[in-house]
Amino acid sequence: MKPLTRKFTETIKQELQSSRGYRRALLAEAINSMVEGDVETGKAVLREYINGTLGFVALGEAVGKSPKSVMRMLSREGNPQVRNLFEIVAYLQKVEGTVLEVRAVKAAA
């Protein structure tokens with residue numbers, strides 16, 4: 001995955017700070033990517049969400065992990081344990097005031 005440009009990153013950050021719908025959609029996209037097997041994209045989107053909202057320091061404090069540990073978990077090389085990942089997602093849902101659902105649908109033929 002190519003690194004994001006500063007302009008693009010700043011645009012996302014501004015949108016995250018001003019639009020609750022955008023934040024919810026980005027959080028859902030991160031989880032959808034992971035459920036579909038694209039963990040790298042899911043982690044990248046989750047990093048953007050965190051950077052544009054509460055930040056790694058506040059998130060680390062909230063989930064009882066060091067900010068560096070959370071950053072490593074969600075880095076390209078990171079391999080977070082499911083328990084840690086779900087704890088982070090649960091907290092982000094709480095902060096956002098939303099509940100993400102996973103639904104089974106029949107695959108297209």
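This is a chat about how helices pack and where the largest pocket lies in a predicted model.

Me: Start with H2 and H3. At what angle do they pack?
Reply: H2 and H3 pack at about 160°, and their axes are 7 Å apart. Angles over 145 degrees count as roughly antiparallel, and H2 and H3 are therefore roughly antiparallel to each other.

Me: Is that crossing left-handed or right-handed?
Reply: The crossing of H2 and H3 is left-handed.

Me: Which residues meet there?
Reply: From H2 there are Arg23, Leu26, Leu27, Ala30, Ser33 and Met34. They meet Val39, Thr41, Gly42, Lys43, Val45, Leu46 and Tyr49 in H3. By class, this contact of H2 with H3 has 8 nonpolar, 3 polar and 2 charged residues.

Me: OK, next one along. How do H3 and H4 sit, roughly parallel or roughly perpendicular?
Reply: The angle between H3 and H4, residues 55-63, is about 95°, with the axes 7 Å apart. H3 and H4 are therefore roughly perpendicular to each other.

Me: And who makes the contact?
Reply: Arg47, Ile50 and Asn51 do so from H3, with Gly55, Phe56 and Leu59 from H4. The classes in the contact of H3 with H4 are 3 nonpolar, 2 polar and 1 charged.

Me: What about H3 and H6, how do their axes cross?
Reply: The axes of H3 (residues 39-52) and H6 (residues 82-96) come within 13 Å and cross at roughly 45°. That makes H3 oblique to H6. The crossing of H3 and H6 is left-handed.

Me: Which side chains should I click on for that pair?
Reply: Leu46, Tyr49 and Ile50 in H3, which meet Leu85, Leu92 and Glu96 in H6. The residues of that contact divide into 5 nonpolar, no polar and 1 charged.

Me: Switching topic. What volume does the largest pocket have?
Reply: The largest pocket has a volume of about 320 Å³.

Me: How many residues line the pocket, and which lie nearest the centre?
Reply: The lining has 16 residues, and those nearest the centre of the largest pocket are Ile31, Met34, Leu85, Phe86 and Val89.

Me: Which elements do the lining residues come from?
Reply: H2 (20-35), H3 and H6 each give two or more residues to the lining of the largest pocket. H6 gives the largest share, 6 residues.

Me: So how does the lining divide by class?
Reply: The lining of the largest pocket divides into 12 nonpolar, 3 polar and 1 charged.

Me: Any residues I've already heard about?
Reply: Met34 and Leu85 are among those nearest the pocket centre. Met34 is one of the H2 residues that meet H3, and Leu85 is one of the H6 residues in contact with H3.

Key:
Residues are numbered from 1 along each chain as its sequence is written. This is a predicted model: local features need pLDDT of at least 70, side-chain atom pairs count only at pLDDT 80 or more; totals for chains, interfaces and linings use all residues. Side-chain values use heavy atoms; hydrogens and water are left out. Axes are lines fitted to C-alpha atoms, for helices over the stretch in contact, and angles run from 0 to 180 degrees between N-to-C directions. Helices (H or I, at least four residues) and strands (E, at least two) are DSSP runs, numbered from the N terminus. Angles under 35 degrees count as roughly parallel, over 145 as roughly antiparallel, 65 to 115 as roughly perpendicular and the rest as oblique. A crossing is left-handed if the near helix is turned anticlockwise from the far one by less than a right angle, and right-handed if clockwise. Contact means heavy atoms within 4.5 Å. Ala, Val, Leu, Ile, Met, Phe, Trp, Tyr, Cys and Pro count as nonpolar, Asp, Glu, Lys and Arg as charged, and the others, Gly among them, as polar. On a 1 Å grid over the protein atoms alone, a cavity is a set of points where a 1.4 Å probe fits but cannot get out, and a pocket is an open set with protein on both sides within 12 Å along at least five of seven lines; lining residues have an atom within 4 Å of a point. Grid points are joined across faces, edges and corners, and a volume is the space filled by probe spheres set on the points.
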